[in-house]
Amino acid sequence: MKCQHCNEKEATTYIKKNINGKVTEMHLCSDCANELGVMDEFSTENFFADTFFGNFLGAGIPAMNVLTGVDRCEYCGSTFNDIVKSGKVGCAHCYSKFDDKLEPSIVKIHGKTSHVGKNVSYTEIPDKEDKKDQIKSLKEDLKLAVQEQRFEDAAILRDKIKDLTQEA
């Protein structure tokens with residue numbers, strides 16, 4: 001398909017806009033797209049500036065570094081404005097460098113600031129009260145198993161009770 005602006009080159013940029021239900025399409029070559037400034041809307045420099053994530057990261061106050069001096073990460077050289085513009089943190093050290101500025105955004109997005117992990121398992125050492133309750137419950141299960149003549153289950157329960165009483 002030919003460019004709709006110059007009608008000479010092959011169209012490589014396809015833009016579809018939907019404004020109040022009215023859909024318009026433009027097919028432009030890269031030169032015409034740059035000339036018309038169409039690609040400025042999609043530049044990564046201001047991608048997060050007026051978006052949901054940009055507001056979370058403080059894109060509304062990019063002049064903050066100008067007033068206070070530019071604060072950079074010692075490891076990667078990123079500034080807080082770089083993080084706001086790209087939507088990405090430069091390195092792991094940036095989290096500690098800009099923690100006071102990033103923490104409110106992280107809490108809003110994730111709800112927490114500490115990672116617990118995907119599969120969490122907590123092993124707690126039961127106290128003596130819990131063990132006594134557990135032994136009592138197992139003894140009741142053992143009586144029921146014997147009454148129902150489930151002797152294999154009864155043997156397993158007996159062994160569990162024996163193990164718990166030896167630990168206590």
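This section describes the fold, confidence, nonpolar cores and selected residues of a predicted model.

The chain contains eight helices and two strands. Read from the N terminus, the order of elements is β-β-α-α-α-α-α-α-α-α, which places both strands ahead of the helices. Of the 168 residues, 22% count as buried. Among contacts with a separation of 6 or more, those between residues 24 or more positions apart make up 29%.

Confidence varies along the chain. The average pLDDT is 75, and 71% of the residues score at least 70. Helix 8 has the highest mean pLDDT of the elements, at 89, whereas helix 3 (residues 64-68) has the lowest, at 42. Two stretches with pLDDT below 50 can be named: residues 44-48, with 10 contacts in the model beyond near neighbours in sequence, and residues 58-68, with 13 such contacts.

In the N-terminal part of the chain, His-27 belongs to strand 2 (residues 22-28). His-27 has a relative accessibility of 12% and is therefore counted as buried, the limit being 20%. Leaving aside residues up to four places away in sequence, the contacts of His-27 are with Met-1, Lys-2, Cys-3, Gln-4, Ala-11, Thr-13 and Tyr-14.

The largest nonpolar core consists of eight residues, namely Cys-73, Phe-80, Ile-83, Val-84, Cys-91, Cys-94, Phe-98 and Leu-102. Helix 4 (residues 80-86) is the main contributor to this core, supplying three residues. A second core, separate from the largest one, has seven residues, among them Ile-135, Leu-157, Ile-161 and Leu-164. In soluble globular proteins, nonpolar side chains tend to be buried together.

Two members of the largest core, Phe-80 and Phe-98, also form an aromatic pair. A search of the whole structure returns one such pair. The ring centres of Phe-80 and Phe-98 lie 6.2 Å apart and the ring planes meet at 50°, so the pair is classed as tilted. Phe-80 sits in helix 4, while Phe-98 sits in the loop between helix 5 (92-97) and helix 6 (99-110); the two are 18 residues apart, and the pair links distant parts of the chain. Both rings belong to buried residues: the relative accessible area is 4% for Phe-80 and 1% for Phe-98.

Towards the C terminus, helix 8 covers residues 151-167, and its 17 residues should span 24 Å at 1.5 Å a residue. The C-alpha atoms at its ends are 24 Å apart, in agreement with that value. The buried residues of helix 8 are Ala-154, Leu-157, Ile-161 and Leu-164. Viewed down the helix axis, these buried residues fall within an arc of 90°, so they line one face of helix 8. An α-helix has 3.6 residues a turn, so residues three or four places apart point the same way. The face of helix 8 turned away from the buried side bears the exposed residues Phe-151, Glu-152, Gln-166 and Glu-167. Of the buried residues in helix 8, Leu-157, Ile-161 and Leu-164 are included in the second core.

Glu-140 is located in helix 7 (residues 128-147). With a relative accessible area of 48%, Glu-140 is partly exposed. Glu-140 and Leu-157 are 17 residues apart along the chain, and their C-alpha atoms are separated by 9.8 Å.

Conventions. Residues numbered from 1 in each chain as written. Predicted model: local features only at pLDDT ≥ 70, side-chain atom pairs only at ≥ 80, totals over all residues. Heavy atoms only, no water. Helix = DSSP H or I, 4+ residues; strand = E, 2+ residues; numbered from the N terminus. Buried < 20%, exposed > 50% of the residue type's maximum accessible area, 1.4 Å probe, protein only. Contact = heavy atoms within 4.5 Å. Core = buried A, V, L, I, M, F, W, Y, C linked by side-chain atoms within 4.5 Å. Expected span 1.5 Å × (residues − 1). Arc of directions from axis to C-beta. pLDDT = per-residue confidence, 0-100. Phe/Tyr/Trp six-rings, centres within 6.5 Å; stacked < 30°, edge-to-face > 60°.
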